[in-house]
Amino acid sequence: MHQLVEGEPLLYYPMSCSEEGYPYTLLESVCLYEAMNTTSDSAVVDVGIKIAFPATDNKQFVMIETEDGTQGYLYLENGNRIEMPEGGYYERDVIEGLNFAG
């Protein structure tokens, strides 16, 4: 006999980008991964780009969507330290209008 079991969702979608718009601006360049894995292909998103956060895994990755529709995943060390494209982590604000609780 088969039984349906509810699993933990891979992503949580708090609100849609169309409702929220692109309220945040990058103050520093960030590394955006193609998948929720730091070994996946990545690209750099430059300073000044407007972004939104359509989803999160509620652990280490946040999906980012830019104004031009580019999507990818931002890696967060310990839930709040944003990775620099050249390695290491920023010790200052990286996203205008975003506050981390901690």
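These are my notebook entries on the fold, the cores, one strand and one loop serine of a predicted model.

**Overall layout.** I began with the secondary structure and found one helix and eight strands, which follow the sequence in the pattern α-β-β-β-β-β-β-β-β. The protein has 102 residues, of which 35% count as buried. I then looked up the accessible surface, which comes to about 6,800 Å², with 47% of it belonging to carbon and sulfur atoms. Among contacts with a separation of 6 or more, I noted that 51% are between residues 24 or more positions apart.

**Cores.** I next turned to the nonpolar cores, bearing in mind that nonpolar side chains in soluble globular proteins tend to be buried together. The largest one has 16 residues, and those with the most contacts inside it are Val 30, Ile 51, Phe 53, Leu 74, Ile 82 and Ile 95. At least two residues of this core come from each of β1 (24-26), β2 (30-33), β4 (50-56), β5 (61-66) and β6 (71-77). I also recorded a second, separate core of eight residues, including Leu 11, Tyr 33, Phe 61 and Met 63. For Val 30, I listed the contacts beyond four places in sequence, and among them are Ala 43, Val 45, Leu 74, Ile 82, Pro 85 and Val 94.

**Strand β6.** I followed β6 in some detail, since I wanted its cover and its partners together. Five of its seven residues are buried, and the strand is mostly covered. With β5 it pairs in the antiparallel sense over five bridges, and in this pairing Met 63 has Tyr 73 of β6 as its bridge partner. The two strands form a hairpin with four residues between them, where Gly 69 in the turn has a positive phi of about 95 degrees. On to β7 (residues 81-82): β6 pairs with this strand in the antiparallel sense as well, over two bridges, and Leu 76 stands opposite Ile 82. This hairpin has three residues between its strands, and Asn 78 in the turn has a positive phi of about 55 degrees.

**Ser 40.** Which loop holds Ser 40? I placed Ser 40 in the loop between β2 and β3 (42-45). Is Ser 40 buried or exposed? Its relative accessibility is 17%, so Ser 40 counts as buried, the cut-off being under 20%. I then looked for polar partners of the side chain and found the backbone nitrogen of Ala 35 at 3.2 Å, as well as the backbone oxygen of Asn 37, which lies 2.8 Å from a polar atom of the Ser 40 side chain. Leaving out residues up to four places away in sequence, I noted that Ser 40 touches Tyr 33, Glu 34 and Ala 35.

Notes
Residues are numbered from 1 along each chain as its sequence is written. This is a predicted model: local features need pLDDT of at least 70, side-chain atom pairs count only at pLDDT 80 or more; totals for chains, interfaces and linings use all residues. Side-chain values use heavy atoms; hydrogens and water are left out. A nonpolar core is a set of buried Ala, Val, Leu, Ile, Met, Phe, Trp, Tyr and Cys residues joined through side-chain atoms within 4.5 Å. Buried means under 20% relative accessible area, exposed over 50%, partly exposed in between (1.4 Å probe, protein chains only). Contact means heavy atoms within 4.5 Å. Accessible areas come from the Shrake-Rupley method with a 1.4 Å probe; for residues, only the protein chains shown count as cover. A polar contact is a pair of N or O atoms within 3.5 Å; within protein, one must be able to donate a hydrogen and the other to accept it, and residues adjacent in sequence count only if both atoms are side-chain atoms. Two strands pair if DSSP finds at least two bridges between them.
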